[in-house]
2 protein chains.
Amino acid sequence: MLKVGIIGVGTVGASVANILKENSDIIEARCGKKIVPVMGIVRDIYRDRGVDLTLSDNIDDVLENDEIDVVIELMGGVDEPFKVVKKALENGKAVVTANKALLAYHRYALQDIAGSLPIGFEASVAGGIPIIKALREGLSANHIESIKGIMNGTCNFILTKMMNEDVEFKDVLDEAQKLGYAEADPTFDVGGFDAAHKLLILASIAYGIHANPEDILIEGIENINSEDIFFAKEFGYNIKHLTIAKKCPNKKVELRAHAALIPSSQMLAKVDDVMNGISVIGDRVGETMYYGPGAGGDATASAVIADLIDIARAGQSSPMLGFKRDLEGGGFTLLSSDEIETKYYMRVKVLDEIGVLTKITSILGDFGISINSFLQKPDKKDQNCATLLFSTHKCKEINIQNAMKELAKLSTCKEKPVMIRIED
Amino acid sequence: MLKVGIIGVGTVGASVANILKENSDIIEARCGKKIVPVMGIVRDIYRDRGVDLTLSDNIDDVLENDEIDVVIELMGGVDEPFKVVKKALENGKAVVTANKALLAYHRYALQDIAGSLPIGFEASVAGGIPIIKALREGLSANHIESIKGIMNGTCNFILTKMMNEDVEFKDVLDEAQKLGYAEADPTFDVGGFDAAHKLLILASIAYGIHANPEDILIEGIENINSEDIFFAKEFGYNIKHLTIAKKCPNKKVELRAHAALIPSSQMLAKVDDVMNGISVIGDRVGETMYYGPGAGGDATASAVIADLIDIARAGQSSPMLGFKRDLEGGGFTLLSSDEIETKYYMRVKVLDEIGVLTKITSILGDFGISINSFLQKPDKKDQNCATLLFSTHKCKEINIQNAMKELAKLSTCKEKPVMIRIED
């Protein structure tokens, strides 16, 4: 028998306890043992959580409980769960966590503390999709060329709505909040931070790279409007919030999370609504893609319990972050965001007067940026203005950023220019 | 160090040897050991295979070689590889195989013989896609509701061409053969047998069910023509060769491999050309989908080496077929094909005369079959004839089969009616 304590019995924690009970037949047949939740830790033990589980508000009832083999950490946050997981490991307990923020900051420290004790974290990335396992074990023969993921359901719900209906960001965000797909403070999701945390976890497994959220390019979807959607449709693109890890020359890795135009023929472009999808290109296998629900109590609990079953079957069978030792000759390091090279789409609202286009193309030319496609639209509200929508050929991020600054300085430029990267 | 012997150094075997050498940096970092191919067994040791590997035509140079830890079986066939794998296991060697036919017949026998020795077979289903691992480990908390897979690249290439271009089966098959996507004798692929073998492997992992290819419904794509494609497009379907495992009431499981009309909005409908895709619905996680290359030397070798890395890391961490013990109260058994219930599409070529439609609908009515949508087209070649294309509401397979027999007996029916199942 494997006995588990659950720290944090919210939606996911309650699902874990319920599934362990309701699916005990198949779980026991698959791992050869009973997996039993013996204690749940909550702040308010008097609130009904719809779950048949002994509750306590004293965390030591799990951490110092000799009976408990595995601690499931579902608290949220970073510093507090770090202390809790550390103590659990020091007390000889295996850990399963769904906490992406914790891992985005402390995954290597936890790996060191754990030693041979298992830490499962399948649920921390893309909910019910077994992407950690696929990357760490299924594709382990490959040098990973790139990972491109749609890993935030809130962003994807909003962008899908904007693509399919003629609605603006703020209105869809309101709807998403009403449906429970977005938090009251949606910044963490729509600002790209949640997806970036997940990316850092995958990047460690793919490349063994150490990086923190502060080190990488993170943007959200707040600036996207219906003009961008119009351009995307016109040129055969879909707009998605993507996380990207890409191998570059000289043992560098690009890591970034931002909105992107992707060709609508790609499989990833078909990942709609709150669903998640991750495309991984390995040097030998080519492209594989993983699709499924990225959130939700039962879907996330499915991943938590998969980790429990692995532990019940064999303990830790793979190294936590996929590497048993460093790469010979040193590992990968992070490419500076300035050095990223890709194609760009830009939206610039200008006074519709003679010479304005010349000024803009001349600024772009100064930074070595050449235009690939171009659309000019009269402004809906202001008849003196026009909106210029264009895409560029490949150029460096630093050049686009500098060109944007110069464009913003033009007196004829009526709004801060908006840029979206293009990933073909 | 893990030393491996490769029995059968064709396309996949050569890829395995080459990748083990060329990607040794990442492989060694990931599993903490060198994995070294020390011997390859071939029929003709004088033929150059583009691989730096000692070759022998004496299989005992691997099977009786005390130095070798893992035997990779890439021979093809059923009886001969069974003897070889059995001997390898008896000699205490772990086994990795890509041989779906071997497993379709002997997976339970091999599991018994292996005991605690690992048998890896990720490469046997859907090539480079880590679907075995996803199903056996990633989704292990779930009762599996259904598996629907596009698992034969040859069929998918042909059907994709037929959907996108106005071409007939025979012409595309010729092209597929020229491109190397179809064998000289294509029956195994286009007849559905290859996909059915893979289905049986997945069904064992999902349901613990014992079944052989002879026990299940297997059909190919040979009868599909451009009229069927026309109907599919008209009603928003795509035609795919699907393998289906579905949980039914009373601990029964449906297993079948055949062409099917699926709504073109489904993710599976977007799996085109030679690619494979598998949708799995778990009772808790909902739908997850896995996409990637189902064949090819490097993609298949990627899966073979993933198994080797698992073995190097930890030995066998999961039970071979996913179950450590039988389900309490007995496991799943196979639903008789007659009892399958689904919707159907039918094509009937008839003499275009008064009363023929009445005769046909009356026969269908006799078997309790009701029509959902209907299209009548004049025959292109024969102006006395018409082609009737229609879909039915849900009914039992036995009723459709019997109705087809009755329709075929009608003097006004000019060709054997063709039926394709509809999977919504």
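Start at Leu351(B): its bridge partner in β16(B) is Cys385(B). Before you go on, keep in mind that you're looking at a predicted model.

**Stop 1: β14(B) and the strands beside it**

Widen the selection from Leu351(B) to strand β14 (residues 341-351) of chain B, and add strand β16 (residues 385-392) of chain B. The two run antiparallel and are joined by seven bridges.

Next, bring in strand β17 (residues 395-396) of chain B. β17(B) also runs antiparallel to β14(B), with two bridges between them. To see one of the pairs, pick Glu341(B), which stands opposite Lys396(B).

Now add strand β18 (residues 418-422) of chain B. Here β14(B) has an antiparallel pairing over five bridges. Click on Met346(B) and you'll find Met419(B) opposite; click on Tyr345(B) and the residue opposite in β18(B) is Ile420(B).

Stay with β18(B) for a moment and select strand β10 (residues 252-263) of chain B. This time the pairing is parallel, over two bridges, and Ala260(B) is the residue opposite Arg421(B). Is β18(B) largely enclosed or not? Four of its five residues are buried, so the rest of the structure largely encloses β18(B).

**Stop 2: where the chains meet**

Show both chains and select the contact: 53 residues come from chain A and 53 residues from chain B. On the chain A side, α2 (24-31), α6 (131-138), β12 (286-293) and α12 (297-314) each put in at least two residues. Which of them gives the most? That's α12(A), with 10 residues. Colour the chain A side by class and you get 24 nonpolar, 15 polar and 14 charged residues.

Zoom in on β12(A) together with strand β12 (residues 286-293) of chain B. These strands pair across the chains in the antiparallel sense, over three bridges. One pair to label is Met289(A) with its bridge partner Tyr291(B).

Now try superposing the copies. A rotation of 180° with 0.0 Å of shift along the axis puts chain A on chain B, at an RMSD of 0.0 Å. The two copies are therefore related as by a two-fold rotation axis. To find the axis from chain A, go to Tyr290(A): its C-alpha is the nearest one in that chain, 2.4 Å away. Both copies use the same surface, and 100% of the contact residues of chain A recur in chain B.

**Stop 3: the domains of chain A**

Hide chain B and colour chain A by its domain assignment: domain 1 (2-131 + 298-314), domain 2 (132-291 + 328-334) and domain 3 (337-422). The C-alpha centres of domain 1 and domain 2 of chain A are 27 Å apart.

Select the contact between those two domains of chain A, where 16 residues of domain 1 meet 19 residues of domain 2. On the domain 1 side, helix α5 (residues 100-114) of chain A has the largest share, seven residues. By class, that side has 11 nonpolar, two polar and three charged residues.

**Stop 4: an open sheet in chain A**

Select strands β1 to β6 of chain A. The six form an open sheet with parallel pairing, in the order β3-β2-β1-β4-β5-β6. β3 (55-56) and β6 (119-120) of chain A stand at the edges with a single partner strand each, so each has one side without a neighbour in the sheet.

For a look at one edge, isolate β3(A) with strand β2 (residues 35-41) of chain A, which are parallel and joined by two bridges. Gly40(A) has Leu55(A) as its bridge partner in β3(A).

**Stop 5: the core, then the outside**

Bring chain B back and go for the largest nonpolar core, which has 288 residues. Among the residues with the most contacts inside this core are Ile158(A), Val304(A) and Ile305(A), and Leu308(B) is another. Centre on Val304(A) and show what it touches beyond four places in sequence: Val12(A), Val16(A), Ile72(A), Val96(A), Ala98(A) and Ala123(A).

For the last selection, jump to Lys405(A) in helix α14 (residues 397-409) of chain A. Is Lys405(A) buried or exposed? Lys405(A) has 12 C-beta neighbours inside 10 Å, so it counts as exposed. Draw a C-alpha to C-alpha distance from Lys405(A) to Arg47(A) and it spans 53 Å, with their positions 358 residues apart in sequence.

Definitions and conventions:
Residues numbered from 1 in each chain as written. Chains lettered and ligands numbered in written order. Predicted model: local features only at pLDDT ≥ 70, side-chain atom pairs only at ≥ 80, totals over all residues. Contact = placed C-beta atoms within 7 Å. Nonpolar A, V, L, I, M, F, W, Y, C, P; charged D, E, K, R; others polar. Pairing = 2+ DSSP bridges. Domains from an automatic or database assignment. Least-squares fit on C-alpha atoms with pLDDT ≥ 70 in both. Core = buried A, V, L, I, M, F, W, Y, C linked by C-beta atoms within 7 Å. Buried ≥ 20, exposed ≤ 12 C-beta atoms within 10 Å, placed from the backbone.
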